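Work through the exercises below with the sequence and the model in view, and try each task before you read its solution.

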Amino acid sequence: MTTTRFADLLTPLVGAPSIEEGLARTLRRVVALTGAAAGAVVFSPPHAKPIAATAGPRHLTRDPAGRHVVQIPLGASTRPVGRLTLVGRGRALKRAALPPGFGRELGTAIEQVWQRQRRTLRTTVLTEITRLLGSSDSLDDVLSAFANGLARLVDFDAVAVLLFDAERGEFEVLDVTARTVPGRIARDVRLPLEHTLLERVVASGGPVRVDDLAAASVPAASRATLGARGWRSAALVPLVTQGGVFGAVSLVAARPGAFDDDAVESATELAQPLASAIEQRRLLDESRRRAEELAALYATSQLITARLDVASVLDRISRSVTALIGSTGCGIGLLDATGTRLVHAAAHGYKSEAWRALALPVGEGLMGRCAEIGQPIRVDDVRRDPRSARRDVDEREGIRSMLCVPLRVGGTLLGVISAFSTRPAAFSAHHQRVLEAFAEQAGISIQNAQLFEQSVHRARETRALLEAGRAVTASLDFERTVRVIMEQAKAVLGVHSCGIMLKDQETGIISSVASLDLSEELVSTVRLRPGQGVTGMAVAERRPMQSADLWSDPRVRYPELPRAQGLRSLLAAPLRVGDDAIGAIIVLRRDVHEFSPDEEELLMALADQAAIAVEHARLYKQLEARVAERTRELDQQKRFVEVVLETLPLGVFVLDAGLAIVRANRAGAGALGEAPQGKPFPALLPAARAVEVEAFLRAAIANRRVETVEHELLVGGDARVVRLTVAPLAGAAAHVVLLVADVTRAKQLERQMLLTERLTTAGRLAAGVAHELNNPLATIAGCAEALSARLVESGLADRPELADFRGYLRLIEEEAFRCKEITGSLLQFVREPGDRRAPTDLNAVVQKTIELLSHQSRFAGSRFVTEPADGLPEVLINEGQFRQVFLGVASNGLEAMEGRGRLIIRTRAIRDEVEVEFEDEGPGVPEEILGRIFDPFFTTKPPGQGTGLGLAIAQGIVADHGGRIEVQSRPGKGSVFRVVVPAGRHPRP
């Protein structure tokens, strides 16, 4: 091959847009030149993945068995960079077509093209990253673009940016790999600088490459941290600005020796614009943050000085700190009156109430220590700081770092501002300076608010005294007056509760008469004598007495009450009248508090007003008693008349000349429904009776005499018999009194007595007839039995002509005895059952019931089906009474079927009860009357065919035996009556 032809082979390689395309083009020319059937070329660049290209049928390159194959190494024999494989067409290839040294020359050419493309690619990536310097992309976008560009030049498994924190001797690890994966969370951490590879980079200012992280020469911290994640090799290149090294780019891989000098050089070159981009954004962020801080300081100073009440000022300060330095939350602790404790006066960003109510002695904890030394305290991790006092609260809140700054005004310490964050090392020296500057303005605002609050408090005290005095002079209502006084005391003293206790002049017992917040049930249990407890001492000594902590004060008479209500401190001032104290006014707080002399003086002034109100109320009560005595007699007479009218069991209506209702008592409204004043009385009645009743009333008014009449009315869906008695009112022209009496039950009882008498007479007549029938039935049975015996004795029974005669005699005898049993059952039913109870088999009672019913002609078309339960337990009952119950229930079912159909009687034992069920095939019971079938005198049968007492009596008998009757009915499909009684009951004593 000539030099020209060899150059022609390399032309596609040099001019191709990529190394892959150049290898493919060159291979196709070589295959064509040598006459090969197929070929393959593989280029293995250093520290990069091999690049391969094929030509011809792929199956020949994958499986060249049976064909002539030529393999030519590419590059120098001592350091090959790849391999060329040619597959012949069944005959030897023309190797002469390839000049000697072709593989070495081709390998050298491929390497040169590879390096040139690498330099071009590096320049392209560097240009792309440099372009980001002038963009507005975020730091995360810059890091992601850097990682993607670096991945095109260097083969690594993970990349991170390490930012050095010289102030703390730590560095922050930014997980760049995670930022290149959408949806993946970047897990940034902070680590100590000591004994790390970054420490070498910072010290030397140059890159560091480690081919084996397990080597002993690797710093211990990096060896442990990186080795724990499975990394075997690493390369760190510095991030440098004019101020020196501020970090590094860290490349790691899971294979040893993954990085060469070219990789380190590429990473170092790309790290330069990355360092500029990071520094540029840091400066922009810092300038923007400083501008925001200045704006926030100004806005905050305007905001916190816009209000003068202490609570609002403190709340705004705590919220402003969070916005100013980016903390999670902020708390403000102010010194108490003694200057020995810090009490949380405002809190923002805390989750639990424990922090909001925190109180610490000066010198204890981070806040207490800050107050003690008067200097800022900055803690990067409270978990490792021994000065932290409430670690349990810190853990619940998730607090990791804290910054405490003293609040001062003119050299006087007011308290401490404490900012906290859930991130470790969240606050820098810059944050500390900003918060110190802010604290100077906040201290002035707090002092101004406190001074304003004191002046407002003085004005409120004056106004409270004026309101109390006005209430005493403007009203004689004791409750209203003392309530105004208590409300003023509560408001001006800022307490939780206020109450007044008075001394009984006869017993000397001091008890509560009014309280704003405590229940009457609670305060009514407090009984004191002068000298007992704090309040009793105030009454006895006629001067204010207080308890700063009720929970530990031995003078407290009822220590359990303040604990139960969460009350801690008390101030009592006596109510003085002349030389005596008639009671005391008390105020209570929920915190431990020592009341000041000003507070005692104010409460004494209010107590004097309350004493005047008590005295006024006493004088007014005496006058009121005299007036009440004069009017009591008239009220008693009026109430007596009203009570008589309202308690009369009769309806009383007062009607005017037009028959309009002037007044009606409760019984009247109950008898005829709602009876509003002014409504015409006849309008209360059904239209069918209204005309007749109106005529009756007008006649009585005209005749001026007492008249009585009875009418049957439909009231509330029920038929009622009402007796109306009208009488003119003496001395009241044309007014009458109308008495309305419901005599329905009396009429029903009257009719029932007549019916009962008839039934009793019929029963006695039936018993007499049954008794008289027993004698001839006995005679007939005896004669039949005697004739049968004579046939046997005379030997005539075997004669053919007398064969039927003996059967007839036996039939006469059986029927006679059956008739005797029927009459016996009838006699037993009409006989008084008495009240004796004995163990009874309900199956037998059911059978006797069927025997009585089956002989009645009106039920001849009915069928009786019994389903008795085997082994049914006996029940303790009166058999006669239950025979009456079963007869009544069964008769109702048979009558509902009009003498036809099937009556099923079942017995069963369920747990400790025995049930007897009667199921008929009648029309069923309508749902609207199902709830009334057990009411006395209620019946759906035509007049003369029922009394309405059968089921009521049956229910009473079963209930008396501790049982019940249940009903299930389906309209059109029949009813089921179930008699349920207890099983195995012992006789009553």
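**Exercise 1: a residue and its patch**

Valine 644 is found in helix 19 (residues 597-647), where helices are DSSP runs of H or I with at least four residues, numbered from the N terminus. This is a predicted model, in which local features need pLDDT of at least 70, side-chain atom pairs count only at pLDDT 80 or more, and totals for chains, interfaces and linings use all residues. Residues are numbered from 1 along each chain as its sequence is written, and side-chain values use heavy atoms, with hydrogens and water left out.

Task: decide whether valine 644 is buried, partly exposed or exposed.

Solution: Buried means under 20% relative accessible area, exposed over 50%, and partly exposed in between (1.4 Å probe, protein chains only). Valine 644 has a relative accessible area of 36%, so valine 644 is partly exposed.

**Exercise 2: the length of a helix**

Task: find what span helix 5 (residues 139-151) should have.

Solution: The expected span is 1.5 Å times one less than the number of residues. For the 13 residues of helix 5 this gives 18 Å, and the end C-alpha atoms are 18 Å apart, which agrees. Among the buried residues of helix 5 are Val142, Leu143 and Phe146.

**Exercise 3: a cysteine pair**

Task: explain why cysteine 404 has no bond to cysteine 370.

Solution: A disulfide is a covalent bond between the sulfur atoms of two cysteines, and here the sulfur atoms must lie within 2.5 Å. The sulfur of cysteine 404 is 5.5 Å from the closest cysteine sulfur, in cysteine 370, and this is too far for a bond. A search of the whole structure finds 0 disulfides.

Terms used. Helix = DSSP H or I, 4+ residues; strand = E, 2+ residues; numbered from the N terminus.
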